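Visitor: I have a structure open and would like to go through it with someone. Could we take it one topic at a time?

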Amino acid sequence: MFHLALSQVAVTVPVGSDLSLKRSALKAPSLNFWDKSWAPVLTLDLKANNSCLRSRNVVCMSVQQASVPKVSVSPLELEDAEEPPLNLYKPKEPYTATIVSVERVVGLKAPGETCHIVIDHGGNVPYWEGQSYGVIPPGENPKKPGAPHNVRLYSIASTRYGDFFDGKTASLCVRRAVYYDPETGKEDPSKNGICSNFLCNSKPGDKIKITGPSGKIMLLPEDDPNATHIMIATGTGVAPFRGYLRRMFMESVPTYKFGGLAWLFLGVANSDSLLYDDEFSKYLKDYPNNFRYDRALSREQKNKNGGKMYVQDKIEEYSDEIFKLLDNGAHIYFCGLKGMMPGIQDTLKRVAEQRGESWGEKLSQLKKNKQWHVEVY
């Protein structure tokens, strides 16, 4: 999110017991989360580049393969820090990482292109779920001749262990920013998003300059493993929530056993635009008492008034339940385009008034209790 497969290698994957699953990355279609044969996938030869394949059995699994919950992770030392890492690398001295893979993760009928990009940082730029990386695209800043481009922030879409569960990669969810001339209707490459196009055009092995990690507002509170977390996203704003959910339901972390409720609301244009839908659907199947998942498809669904279904309409649909959960201490998170917030705020205000409450007072209390988390761009 802007705020933003493998070669044929056999890997052994521990699944929380003595049993293991051995598959060739190119011969395991049943383990592919997206299973879209048309989707172009660019990948780095991890056999040559990822030390975890040389040093230990498993811990390397691509996002497409990760279909079995509770996967062992390492190094567990990543759990030891009491405070999140912040600004380890700054714009004047960024870290040079390597692109591992770039994969289109939306269908042909989705408006625009969104890519899942895995970056190898070698374990040198650790982060926590909910943080962001800065990316400095190559080239010169047109507004400052001789200077590099400004940093673009992207929410990280993986847990601290990355998509290979070894603590050496981070993933970004990036929508390619393309500009179309309103008069001609044709694309104007000179006005396209510099960083998003750099990332979506990247190839395995390409170098990328990153800064950070940054951000504390979207960190996942883990003091109460039985807490309720309500996540509301539009488009690539789902990035940090993917990290939360993988930590809750996919990874075996000895010090974090989630037993609460995670409720995801995701708003996109249509079914082809859904991001990580197979991952989320599997959690729904495997953990029906701990995970709820509601989609708002604006071009395919209608709200109660016959208009387009937006994420705020879904919130209104479940408003009584949401308000009760908030009253009982639930955390609520918002991530996506800043344009999502006015409609959501209006809906929450209207619901509060219907309940005889002051939304202003309630919002103030939520912020005071650190239950309200917003990151929009």
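Visitor: To start, how many disulfides are there?
Guide: Please keep in mind that this is a predicted model. The count of disulfides comes to zero.

Visitor: What about Cys173, then, and how far away is the nearest cysteine sulfur?
Guide: Cys173 takes part in no disulfide, and the nearest cysteine sulfur, which belongs to Cys115, is 8.8 Å away. Cys173 has 0% relative accessibility, so this residue counts as buried.

Visitor: And why is Cys200 not bonded to Cys115?
Guide: The closest cysteine sulfur to that of Cys200 is the one in Cys115, at 3.6 Å, which is too far for a bond. The cut-off used here is 2.5 Å between the two sulfur atoms. Cys200 also counts as buried, because its relative accessibility is 7%.

Visitor: Let us change topic to helix H9. Which of its residues are buried?
Guide: Helix H9 spans residues 359-368, and its buried residues are Trp359, Lys362, Leu363 and Leu366. They lie on the same side of H9, because they cover an arc of only 100 degrees around the axis.

Visitor: What is on the other side of H9?
Guide: Glu361 and Lys368 are found there, and both are exposed.

Visitor: What do the buried residues of H9 pack against?
Guide: They pack against two helices, H7 (319-327) and H8 (340-354), and against strand E16 (372-376). Just after H9, Lys370 takes a positive phi of about 60 degrees.

Visitor: I noticed a lysine in that buried list. How is Lys362 placed: buried or exposed?
Guide: Lys362 counts as buried because its relative accessibility is 11%. Its side chain is joined to that of Glu357 by a polar contact of 3.2 Å. Not counting residues up to four places away in sequence, Lys362 touches Phe323, Asp327 and Glu357.

Visitor: Now the interior. Which residues touch the most other members of the largest nonpolar core?
Guide: Phe241 and Leu245 do, in a core of 39 residues. The elements that each supply at least two residues of this core are strand E11 (228-234), helix H4 (239-249), strand E13 (261-268), helix H5 (277-286), strand E14 (291-297) and strand E15 (331-336). The largest share, six residues, comes from H4.

Visitor: What is Phe241 in contact with?
Guide: Leaving aside neighbours within four places in sequence, Phe241 is in contact with Met218, Met231, Ile232, Ala233, Leu264, Tyr333, Phe334 and Cys335. Apart from this core lies another one, of 24 residues, including Phe265, Ile315, Ala330 and Ala352.

Visitor: How many aromatic pairs does the structure hold?
Guide: There are 21 aromatic pairs in the structure. One of them is formed by Phe249 and Tyr283, whose ring centres are 5.5 Å apart and whose planes are at 40 degrees, so the pair is tilted. Phe249 lies in helix H4 and Tyr283 in helix H5, so this pair ties together parts that are 34 residues apart in sequence.

Visitor: Are those two rings on buried or exposed residues?
Guide: Both Phe249 and Tyr283 are buried. They also belong to a cluster linked by ring pairs, which includes Tyr256, Phe258, Tyr276, Phe280, Tyr287, Phe291 and Tyr293 as well.

Visitor: Another topic: where does Asn141 lie?
Guide: Asn141 lies in the loop between strand E7 (132-136) and strand E8 (152-155). Asn141 is buried, because its relative accessible area is 6%.

Visitor: What does its side chain reach?
Guide: A polar atom of the Asn141 side chain lies 2.9 Å from the backbone nitrogen of Lys143. The Asn141 side chain also makes a polar contact with the side chain of Asn150, at 3.4 Å. Apart from neighbours within four places in sequence, Asn141 is in contact with Ala147, Pro148, His149 and Asn150.

Visitor: Last one. Where is Thr234 found?
Guide: Thr234 is found in strand E11. With a relative accessible area of 17%, Thr234 is buried, the limit being under 20%. The side chain of Thr234 reaches the backbone nitrogen of Leu337 at 3.4 Å. Leaving aside neighbours within four places in sequence, the contacts of Thr234 include Gly267, Val311, Met340 and Tyr377.

How values were computed: Residues are numbered from 1 along each chain as its sequence is written. This is a predicted model: local features need pLDDT of at least 70, side-chain atom pairs count only at pLDDT 80 or more; totals for chains, interfaces and linings use all residues. Side-chain values use heavy atoms; hydrogens and water are left out. Buried means under 20% relative accessible area, exposed over 50%, partly exposed in between (1.4 Å probe, protein chains only). Helices (H or I, at least four residues) and strands (E, at least two) are DSSP runs, numbered from the N terminus. The arc is that of the directions from the helix axis to the C-beta atoms. Contact means heavy atoms within 4.5 Å. A polar contact is a pair of N or O atoms within 3.5 Å; within protein, one must be able to donate a hydrogen and the other to accept it, and residues adjacent in sequence count only if both atoms are side-chain atoms. A nonpolar core is a set of buried Ala, Val, Leu, Ile, Met, Phe, Trp, Tyr and Cys residues joined through side-chain atoms within 4.5 Å. Rings of Phe, Tyr and Trp (its six-membered ring) pair if their centres lie within 6.5 Å; planes under 30 degrees apart count as stacked, over 60 as edge-to-face and the rest as tilted.
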